[in-house]
Amino acid sequence: MEDETREIARGLRRHDPDLLDELIARYQYRLPRYLWSLTGNREAAEDLFQETWIRVLEKGHLYDPRWRFEAWLFSIARNLAIDLLRRRQPESLEALLHPDDEGTAREWPDHQSASPFDAAAAGEEAERIRELLRRLPPDAREVLVLRFQEDMNLDEIAVVVRAPLSTVKSRLYRGLEALRHLVARTS
């Protein structure tokens with residue numbers, strides 16, 4: 001991993017278009033899905049996805065290869081999402097993490113599904129989990145999404161949400177407990 005992060009840092013400093021294409025392809029599903037979970041708005045998530053890559057290109061020289069690239073990338077995306085909310089609704093920063101109920105979350109394609117039936121079953125279960133996640137406090141929901149949907153470790157999550165590791169652990173524990181109770185009540 002260390003060699004890869006150094007290569008990414010060098011490529012970003014050189015504005016290497018091939019590296020940027022590779023990184024965009026690598027995160028073309030995960031990053032919009034994360035932004036969608038924060039904003040609850042498909043168009044906003046797509047705009048933020050593009051804006052995130054512009055920032056990566058502009059600020060690539062600031063990337064520190066001691067950290068995994070995805071933690072840095074998701075931090076940029078999160079900050080842009082928060083900035084968007086501040087421009088739209090300055091009275092409620094929490095609204096960013098509470099998507100409106102007008103639409104349901106879009107499931108980004110999973111090209112590794114075994115069959116259409118498996119994809120449909122997984123989609124139904126994913127929708128149920130998304131609905132339950134919407135009921136959680138925003139800070140707990142964000143940590144759960146980063147941990148289990150984006151597969152980040154706790155240290156990386158702490159970097160993304162700019163919180164101490166102990167706070168991340170606490171949010172994760174509270175979120176899992178709350179989710180467990182919601183699942184039990186709806187089953």
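Colleague: Among the contacts in the protein with a separation of 6 or more, what percentage comes from residues 24 or more positions apart?
Modeller: This is a predicted model, in which local features need pLDDT of at least 70 and side-chain atom pairs count only at pLDDT 80 or more, while totals for chains, interfaces and linings use all residues. Residues are numbered from 1 along each chain as its sequence is written, and side-chain values use heavy atoms, with hydrogens and water left out. A contact means heavy atoms within 4.5 Å. Of the contacts with a separation of 6 or more, the share from residues 24 or more positions apart is 65%.

Colleague: How many helices does the protein have, and how many strands?
Modeller: Both elements are DSSP runs numbered from the N terminus: helices are H or I with at least four residues, and strands are E with at least two. Along the sequence the pattern reads α-α-α-α-α-α-α-α-α. The counts are nine helices and zero strands.

Colleague: What percentage of the residues of the protein count as buried?
Modeller: Buried means under 20% relative accessible area, exposed means over 50%, and partly exposed lies in between (1.4 Å probe, protein chains only). Of the 187 residues of the protein, the buried share is 40%.

Colleague: Is helix 7 parallel, perpendicular or oblique to helix 8?
Modeller: The axes of helix 7 (residues 138-149) and helix 8 (residues 154-161) come within 10 Å and cross at roughly 135°. Axes are lines fitted to C-alpha atoms, for helices over the stretch in contact, and angles run from 0 to 180 degrees between N-to-C directions. Angles under 35 degrees count as roughly parallel, over 145 as roughly antiparallel, 65 to 115 as roughly perpendicular and the rest as oblique. The crossing angle therefore makes the relation of helix 7 to helix 8 oblique.

Colleague: How do the residues of the contact of helix 7 with helix 8 divide into nonpolar, polar and charged?
Modeller: From helix 7, E142, V143, L146 and R147 meet L154, I157, V160 and V161 of helix 8. Ala, Val, Leu, Ile, Met, Phe, Trp, Tyr, Cys and Pro count as nonpolar, Asp, Glu, Lys and Arg as charged, and the others, Gly among them, as polar. The contact of helix 7 with helix 8 thus has six nonpolar, no polar and two charged.

Colleague: Which residues do ring pairs link into a cluster?
Modeller: Rings of Phe, Tyr and Trp (its six-membered ring) pair if their centres lie within 6.5 Å, with planes under 30 degrees apart counted as stacked, over 60 as edge-to-face and the rest as tilted. The whole structure holds eight aromatic pairs, one of them the tilted pair of Y34 and F74, at 5.0 Å centre to centre and 50° between the planes. That pair joins helix 3 (residues 30-39) to helix 5 (residues 69-88) across 40 residues. The cluster linked by ring pairs comprises Y27, Y34, F49, W53, Y63, F69, W72 and F74.

Colleague: Is R162 buried or exposed?
Modeller: R162 lies in the loop between helix 8 and helix 9 (165-186), and R162 touches N79 and I157, not counting residues up to four places away in sequence. Its relative accessible area is 63%, so R162 is exposed.

Colleague: Is R171 buried or exposed?
Modeller: R171 belongs to helix 9. Leaving aside residues up to four places away in sequence, R171 touches D139, A140, V143, V161 and A163. Because its relative accessibility is 17%, R171 counts as buried.
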